[in-house]
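Trainee: Can we go through this one? I'd like to talk about cysteines, then strands.

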Amino acid sequence: MRPFVAMLLGITMGCASADVPAPRVGARPVPVAGVDDLAERALLLMLADRKTYEPLLTSEALVGGVEVRRQAALTIARIGDPRGGPVLESLLADPAVAVRRAATFGLGELGELGYAAEQALLGMVNDEDREIGRLAVEAMAKSGSSLETVVERLIAGASDELFPRLLPALFRFEGDGVVRWAVQGLREPSPVRKMAAYALGRNPLPAGLEALRGLLTDEDPWIRGMAARGVGRVGDRSDVERLRPLLDDPQPGPIIQTLRALRRLFDDGKAAPPEAWQPRLLELMADPRPGVRLTAIEASAAWLLDEAIGQRLAELVTSGLRRERELALLALAEGEDPRAAILLVRLAGDRDPVLRSVAAQAAGFFRAAEVLERLATDDDAGVRRTVLETRLAGEPPESEELVRAALEDRDPTVRATALEWAAEHPTIEMEKVFAAMSGAWRDRIPDARINGIRALAARAETTPTERGAIIVLLEELARDDEYLVRRRAARGLVELERDPPAVGGVRTRKSVEVYREIIQRTARPRRLDLVTERGTLGIELACPEAPLTCLNFLQLAGQGYFEGLRFHRVVPDFVIQAGDPRGDGWGGPGYAIRDEMNLLRYRRGMVGMALSGPDTGGSQFFITLAPQPHLDGGYTIFGRIIAGEDVLDEVVQGDKILRIVEQPAA
């Protein structure tokens, strides 16, 4: 061990205090042979977990082994302190490819770049390693660099490398130049060609419409679906007939994306739903593939008032599966079918709070004040929150009155919703906002505190008489024990043109010895079986790439935390999501873990940590149903599906997790 590391190790031993429970390191240690530079890596992991930038330690790590240098680059990226930028720039010249990749990725994670960093990345786009070149383009796109500047430098390099390096991140740039280069990239072989299609369809521009139309008949189903998605956003009346063949596609992805695209065209008033398509829509509403069936039910609102479709929806509300009942009632309500007004009353009295919440949503379409009034005092917080959201959606004159009452609700998610409105409509007095926040310190959900700070900052900008007092409050909150509160308060002060206070790191309870053991326990991938009502998903956890996230997940699973929890969010052809003990998307374990962004990519079957903002992960996780490149570098990837992939498409919102069991090492 180098002298400096030994000194810092002694300083940091036992200096942690705090607000996040230490993970329970299991009693079954994992033997690891040849863990390189364990002490240095433990210190780097500690700094990443505490969000603390230590220049001397980072500099020392740069002369360590390859893995230490790679981890040093990722640590700087995860801490997010711009002071680490020059260190990452120096690592761009590292002899090890793995280190240069991590440094290039890390610069992209730091956000807005200075001139020196941008020039350094520009010098990497033609690196001898293609992946480094691709990551450099991605990093420059994330930081807002000019597409023309990047392309010019790529063209100056090897011409045959232009598209493999440019197209994976092309969708992150802005302007019609994206269309021009994407169209040229369609001539490339897959998988590069697929990224050209993604650039056209992800954030579509009118200039790319003709190219998207041509891709509707592509041989690749993922490209057909992406083209349909784009056409739905920038297409016109004539595209309805162009999309019709995709409703007969053999693959579910293009059908799902086409149903959504048609619904958007109809909702935007660009076309009317053809009556002649009713038989096919009815077939899709009974399709055996859950994603297709449920998307068709959801999209059917555009066809109302069609008697046959309306009758089928009414039957589903009465006798369908729970998710079918939810979507069918909402479709009837959105289509203003009079049957919905009767059926929502029935669901408003259902024992299932999820169905009562849906009844509240449906009541909003009919202004069913009596139903909303009754559900406003429901025992279930999710129902009360839905009622508040529904009432506020139309910006009624009594909005402020509703919010004032909601600020006194016993549930943190209801108060958080009210405070979010207050942040966008700063008419609530400082004292009232702060009173609602004061109760939030007892909550296990931080959203009310965070939204309260937003509301205070907004109020200060519009009410000069309260500005000084609010600044004092924010300065006090910037010294709070909780990291997320300090960070948001500091941002609020910046918004009010005050000097940003030092946020400081996260105060954990883990000593450096715990981090050493975490590295040993996560030195190899781990295997889990996630058993659902629909079948078993085999998961390989990418522990070396996200050790804190993986260990947190393993420990929760070992405690039986996930047993009986539902997949509370399922978006066909996008993700399935679970891990919320509340079941409404707001819950968690009562603490937050830090993000561990890494170089893994969101392909189909990747397991990611769900967030409500940076470093807010806990127990909610999602699994991708299709490639989602826009999530790369924004949500921690900590695993992948290695068995039972067909089960992914069978999971329906509301399905339960039966258990998660770790499998022995092979």
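Mentor: Start with Cys-543, which counts as buried at 0% relative accessibility (buried is under 20% relative accessible area, exposed over 50%, partly exposed in between, with a 1.4 Å probe and protein chains only). This is a predicted model, where local features need pLDDT of at least 70, side-chain atom pairs count only at pLDDT 80 or more, and totals for chains, interfaces and linings use all residues. Residues are numbered from 1 along each chain as its sequence is written, and side-chain values use heavy atoms, without hydrogens and water.

Trainee: Is Cys-550 buried or exposed?

Mentor: Cys-550 is buried, with a relative accessible area of 0%.

Trainee: Why is there no bond between Cys-543 and Cys-550?

Mentor: Because the closest cysteine sulfur to that of Cys-543, in Cys-550, is 3.7 Å away, too far for a bond. A disulfide here is a pair of cysteine sulfur atoms within 2.5 Å, and by this rule the count is zero disulfides.

Trainee: Now the sheet. What is the order of the strands?

Mentor: Eight strands form an open sheet, β3-β4-β6-β5-β7-β2-β1-β8, with antiparallel pairing. Strands are DSSP runs (E, at least two residues), numbered from the N terminus, and two strands pair if DSSP finds at least two bridges between them.

Trainee: Which strands stand at the edges?

Mentor: β3 (569-571) and β8 (657-663); each has a single partner strand, so one side of each lacks a neighbour in the sheet.

Trainee: How many bridges pair β3 and β4?

Mentor: Three, in the antiparallel sense, with β4 covering residues 575-578. Arg-569 stands opposite Gln-577 in β4.

Methods. Helices (H or I, at least four residues) and strands (E, at least two) are DSSP runs, numbered from the N terminus.
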